[in-house]
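Student: Could you take me through the backbone and strand features of the model I have open, giving the general idea before each case?

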Amino acid sequence: MKAWVYGEYGGVDVLKFDEKVSVPQVKEDQVLIKVVAAALNPVDAKRRQGKFKATDSPLPTVPGYDVAGVVVKVGSQVKEFKEGDEVYGDINEKALEEPKQFGSFAEYTAVEENLLALKPKNLDFVQAAGLPLAIETAYEGLERTGFSAGKSILVLNGSGGVGSLVIQLAKQVFGASIVAATSGTRNLELLKSLGADLAIDYTKENIEDLPEKFDVVYDAIGQCDRAVKVVKEGGAVVALTGAVTPPGFRFVVTSNGAVLKKLNPYLESGKVKPVVDPKGPFPFSQVVEAFSYIETNRATGKVVIYPIP
């Protein structure tokens, strides 16, 4: 099969297009997916740079966590899916511990059925591909803070892949009283369209000067030292990246198809919407450019690869 591969850690130049990669074997609890669209996450870049090589799978590696596609083969123990099902998911249960050697930037990928869900009927493959890792991270972070109806939240980098979904889940699923979020000037309207009550331009306003403090601060940019200054006494600060300042905490998402199933009704009703970066989708021939772009940290929403031949 055709796939993008790297045989050593390093910059984007280690990525090579290969037309002769073996199609992965399907284990008893797995399905084989014909990949239609795949999405990039910051973890893909960090992994390729060798940031967690001690727990990584062996090289050579086909990158890619997020997938949307069609089931073409099912293992003997698979009960939920059949050939022809349109599915989506994050193919690696643990992001940093033994992720799959053969990821989603390929024509086919093999995935455990418990990591997948049926693709929401109203979403195309591009929209669905950008959701799994980010929406599961957004949801798990909110759950870990004990977020619940009536609480307030500040989302740092509300226009990013995770932040754009934290805004929506906090409002639509958890029942937040106030959702505030930061972005650059060009994305303030996007924040409001996603449900933010307060859209803060980080280039003009300092979050530490805000008159109120928040029950939860969800730091999706790496500014935990500032986030902890605007959380209420006894509140919680989630840090996805960068140094962690107490009482902030970091977690690494666990991929779980049950979370996607739980959130599918919100996606199918339109209450929660995927945000795909307007520069994309990037064609399969431009995976190197897509990596370069996500590493600028300027992406709005998700960077998606489509179509995959």
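**Reading the backbone and the strands**

Tutor: Glu98 counts as exposed, because its relative accessibility is 58%, where exposed means over 50% relative accessible area, buried under 20% and partly exposed in between, with a 1.4 Å probe and protein chains only. This is a predicted model, in which local features need pLDDT of at least 70 and side-chain atom pairs count only at pLDDT 80 or more, while totals for chains, interfaces and linings use all residues. Residues are numbered from 1 along each chain as its sequence is written, and side-chain values use heavy atoms, with hydrogens and water left out.

Student: What is the sign of phi at Glu98, and where is this residue found?

Tutor: Most residues other than glycine have a negative phi. Glu98, although not a glycine, has a positive phi of about 50°, and it is found in the loop between strand E5 (86–90) and strand E6 (108–112); helices (H or I, at least four residues) and strands (E, at least two) are DSSP runs numbered from the N terminus. Asn157 is also not a glycine and has a positive phi, of about 70°; its place is the loop between E8 and H4, and it counts as partly exposed because its relative accessibility is 22%.

Student: Which peptide bond leading to Pro247 or Pro307 is cis or trans?

Tutor: Most peptide bonds are trans. The bond from Pro246 to Pro247 is cis, with omega near 5°, and Pro247 lies in the loop between strand E12 (231–239) and strand E13 (248–249). The bond from Tyr306 to Pro307 is cis as well, with omega near -5°, and Pro307 is in the segment after strand E14 (303–305).

Student: How many bridges join strand E8 to E9, and in which sense do they run, parallel or antiparallel?

Tutor: Two strands pair if DSSP finds at least two bridges between them. Strand E8 (residues 152–156) is joined to E9 by four bridges, and the two run parallel; Ser152 has Ile178 in E9 as its bridge partner. E9 also pairs with strand E10 (residues 198–201) in the parallel sense, over four bridges, and the bridge partner of Ser183 in E10 is Asp201.

Student: What is the handedness of the crossover from E9 to E10?

Tutor: A crossover is right-handed if, with the strands pointing away from the viewer, the path from the first strand over the helix to the second runs clockwise. From E9 the chain passes through helix H5 (residues 188–194) to E10, a right-handed β-α-β crossover, and E8, helix H4 (residues 163–172) and E9 likewise make a right-handed β-α-β unit.

Student: Why is strand E9 largely enclosed by the rest of the structure?

Tutor: Strand E9 (residues 178–183) is largely enclosed because five of its six residues are buried.
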